Amino acid sequence: MKATVTIIGAGLSGLTLARVLRVHGIPAVVYEAEGSPEERAQGGMLDIHDYNGQLAIQAAGLMEEFRGLVLEGREAMRILAPDGTVLFEQADDGTGGRPEVQRADLRRMLLDSLPDGTVRWGHKVTAVRRLGEGGHEVTFADGTTAGGDVLVGADGAWSRVRPLLTDAIPEYAGTSFVETYLFDADTRHQAAAKAVGGGALIAPAPEREIHAHRESGDTLHTYVVLNETLDWFAALDFADPAATTARIAREFDGWAPELTALLTETDTAPVHRPHYALPAGLRWDRVPGVTLVGDAAHLAAPNGEGAKAMVDGAELAKALASHPDDVEAGIAEYEEAMFVRSAEVDDATAVLREREFREKLPRSLVEMFVGSE
């Protein structure tokens, strides 16, 4: 394939795409708004399933490197009732098929697999337009531009490439995370550490939940989940961490103290992470030379499928490589499969959003896990 591929965004989807293209001898350049790999924290843990994320890593030829990143024991799972009763517990016996890694480590693995200069840091996109002859032009904040035969938007929720394909925009999904961290948990936050155990904790209720995960370095990373409007969160003063933490803790009055400690004993200021989503089942008509991967294509509220973006990158690269003389055929093949894949995930996770399921929490979640066992 002689075409050049321009990728906007150096997240997991864009970097996986660049790496698998390189495996197939196809040149690519990645443009990223951030000034360096260390500019922004990269989030928490990702479970890399054997039926999607691991396949993408295998296509990238990085399985050995990936295995070196896996945090042993983190596939363990506990579901607790709000009063602290353990309702379900699953040990990590090494056969779960979804090893856990830190997102930042996974991103660094992909970056290290690319030649120097593949990622152009500090390139914030200000405009993207189609050219009369069928190409495209990307303009950056510093006034420079870039083109290429294939343009891929891997630039997340608020993609600047997406408007070339669809006028769909993300909308608030009705839920938000409030993110906290507890450090040196086994010595400084013993009750919370015991509640979380060796892997993940879910403490669900109809309109609020507490999720936590044991990360590397004896760290507990917590996502407090609230079904509240954006206006409700806007009324909180996140510049006053103590007041905000106390206000959110009131939503969990009566919960076990070892669970609420994941919020009230936080070693960091609480951070609001609202969830946005594109319309379920989103499709678009084929536009020559342009496509999307990851959240730019199918943004959804967190659903346990964190590696879906990597699958997009790998599958697009393989489709382009399999059609070396017909870029459009490769993109069309990728998009059709991606639309189907995204719809399947939407269908599989829709039950988690159904009113009947929510009203019966935590029992409904336990029944789902027991059934899967």
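Start by selecting Trp158, Tyr172 and Tyr276, which ring pairs link into a cluster. Here rings of Phe, Tyr and Trp (its six-membered ring) pair if their centres lie within 6.5 Å; planes under 30 degrees apart count as stacked, over 60 as edge-to-face and the rest as tilted.

Before moving on, please note that this is a predicted model, in which local features need pLDDT of at least 70 and side-chain atom pairs count only at pLDDT 80 or more, while totals for chains, interfaces and linings use all residues. Residues are numbered from 1 along each chain as its sequence is written, and side-chain values use heavy atoms, with hydrogens and water left out.

**More aromatic pairs**

Across the whole structure, a search finds 8 aromatic pairs. For one of them, select tyrosine 181 and phenylalanine 183: the ring centres are 5.9 Å apart and the planes make 20 degrees, so this pair is stacked. Next, pick tryptophan 232 and phenylalanine 233, whose ring centres lie 5.0 Å apart with planes at 80 degrees, so this pair is edge-to-face.

How exposed are these residues? Phenylalanine 183, at 33% relative accessibility, counts as partly exposed. Tryptophan 232 is buried, with a relative accessible area of 18%, and phenylalanine 233 is buried too, at 3%. The cut-offs are under 20% relative accessible area for buried, over 50% for exposed, and partly exposed in between (1.4 Å probe, protein chains only).

**The seven-stranded sheet**

Now switch to a cartoon view and find the open sheet of 7 strands, ordered β5-β4-β13-β14-β15-β12-β16 with mixed pairing. Strands (E, at least two residues) and helices (H or I, at least four) are DSSP runs, numbered from the N terminus, and two strands pair if DSSP finds at least two bridges between them. At the edges stand β5 (86-90) and β16 (271-277); each has a single partner strand, so one side of each is left without a neighbour in the sheet. On average, neighbouring strands of this sheet are turned by 20 degrees against each other, direction ignored.

Color β13 (200-204) next. How many of the residues of β13 are buried? The count is 5 of its 5. In a regular strand the side chains alternate between the two faces of the sheet. In β13, Ala200, Ile202 and Pro204 on one side and Leu201 and Ala203 on the other are all buried, so both faces are covered.

Alanine 200 is a good residue to keep selected while you look at the strands beside β13. β4 and β13 pair in the parallel sense over 3 bridges, with alanine 200 as the bridge partner of methionine 77. β13 and β14 run antiparallel and are joined by 5 bridges; in β14, alanine 200 has histidine 213 as its bridge partner. These two strands form a hairpin with 3 residues between them.

Follow the chain into the next hairpin, formed by β14 and β15, again with 3 residues between the strands. Zoom in on glycine 217 in the turn, which has a positive phi of about 70 degrees. The antiparallel strands β14 and β15 are joined by 8 bridges, and one place to look is arginine 214, whose bridge partner in β15 is leucine 220.

β15 is mostly covered, with 7 of its 8 residues buried. Strand β12 (residues 171-182) runs antiparallel to β15 (residues 219-226), and 7 bridges join them. Along this pairing, phenylalanine 177 stands opposite valine 225 and valine 178 stands opposite valine 224.

Then add helix α9 (residues 257-264), which packs on the sheet and touches β4 (77-80), β12, β13, β14 (208-215) and β15. Its direction makes about 95 degrees with that of β12. Contact means heavy atoms within 4.5 Å; axes are lines fitted to C-alpha atoms, for helices over the stretch in contact, and angles run from 0 to 180 degrees between N-to-C directions.

**Two final stops**

Select glutamate 32, in the loop between β2 (28-31) and β3 (45-47). Which side chain of opposite charge is nearest to glutamate 32? That is arginine 107, 4.4 Å away; glutamate 32 is buried yet has no salt bridge. A salt bridge needs a side-chain nitrogen of Lys or Arg within 4 Å of a carboxyl oxygen of Asp or Glu. For charge, Lys and Arg count as positive and Asp and Glu as negative, while His and the chain ends are not counted. Not counting residues up to four places away in sequence, glutamate 32 touches residues including Gly9, Arg107, Trp121 and His123.

Finish at histidine 136 in strand β9 (residues 136-140), which counts as buried at 4% relative accessibility. Leaving aside neighbours within four places in sequence, its contacts include Arg129, Asp149 and Gly289.
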